[in-house]
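Please look through the model below with its charged side chains in mind, and then follow the paragraphs from these pairs to the helix and the sheet.

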Amino acid sequence: MNSDSDLQIAGDILEVQHLLQPAREHPTTVAEFVGLARTIAADRAQWAPLVRYDATTRWYHRLRAVPRTLGSAQAGETPPGYEIWLLSWVPGQGTGRHDHGPSSGVLTVLEGRLTEHTERGTRTLEPGAQRVFAPGYVHEVVNDSLEPAISLHIYYPGLTEMPMHAAQCAPTAADAVLA
């Protein structure tokens, strides 16, 4: 399974503003999901009153769940189209290393600052920053600032699993001796 995001494969679509498309009622492309996230982020009245902070666990709230078109699911299952989640992060809270199973996603920072760790490095995400990722993309997101943060997450298809991954540590000199 490839851990690269579509941004690392195809380049950062968010840096090419003319390629971003306005949000449609039912997005179908990465650019349209990015546009939907930006539209929701800009409508503070839609999400700000819902935000709660919890010092014991990350708080989250599903803003929207849109099923796939009827007839696209196997018998007896509800087809996940896409989901939109609102999350809050108090200082020190994080996800642990994980991926999103078969789901792709868009992460948008609404307030505060989050840090994303991947095997390729660390990236600080300020308000308005967006990350797009493909299935199998492994990362850890942490609020390592002194202020709370709020983020918006869109998963397509809807999130059905979030496998956790063991932390990968850089080899030490002792590991080299033992090898």
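**Charged pairs, a helix and a sheet**

The count of salt bridges comes to three, a salt bridge being a side-chain nitrogen of Lys or Arg within 4 Å of a carboxyl oxygen of Asp or Glu. This is a predicted model, in which local features need pLDDT of at least 70 and side-chain atom pairs count only at pLDDT 80 or more, while totals for chains, interfaces and linings use all residues. Residues are numbered from 1 along each chain as its sequence is written, and side-chain values use heavy atoms, with hydrogens and water left out.

Side chains of opposite charge can pair when their charged atoms come close. One such pair is R44 with E111, whose side chains meet in a salt bridge at 2.4 Å, N to O. This pair links distant parts of the chain, since R44 lies in helix 3 (residues 44-47) and E111 in strand 3 (residues 104-111), 67 residues apart; helices (H or I, at least four residues) and strands (E, at least two) are DSSP runs, numbered from the N terminus. R44 counts as partly exposed at 44% relative accessibility, and E111 is also partly exposed, at 23%, where buried means under 20% relative accessible area, exposed over 50%, and partly exposed in between (1.4 Å probe, protein chains only).

E83 and R62 form a salt bridge at 2.6 Å, N to O. E83 belongs to strand 2 (residues 80-89) and R62 to strand 1 (residues 59-67), so the pair ties together parts that are 21 residues apart in sequence. Here E83 is buried, with a relative accessible area of 9%, whereas R62 is partly exposed at 43%.

In the salt bridge between E116 and R131, the closest N and O atoms are 2.7 Å apart. Because E116 lies in strand 4 (residues 114-118) and R131 in strand 6 (residues 130-133), this pair ties together parts that are 15 residues apart in sequence. E116 is buried at 3% relative accessible area, and R131 is buried at 4%.

Strand 4 also takes part in an open sheet of three strands, in the order 5-4-7 with antiparallel pairing, where two strands pair if DSSP finds at least two bridges between them. Strand 5 (121-125) and strand 7 (140-142) stand at the edges, each with a single partner strand, so one side of each is left without a neighbour in the sheet. Five bridges join strand 4 to strand 5, and L125 in strand 5 is the bridge partner of L114.

Turning to helix 2, several of its residues are buried, among them F33, L36 and I40.
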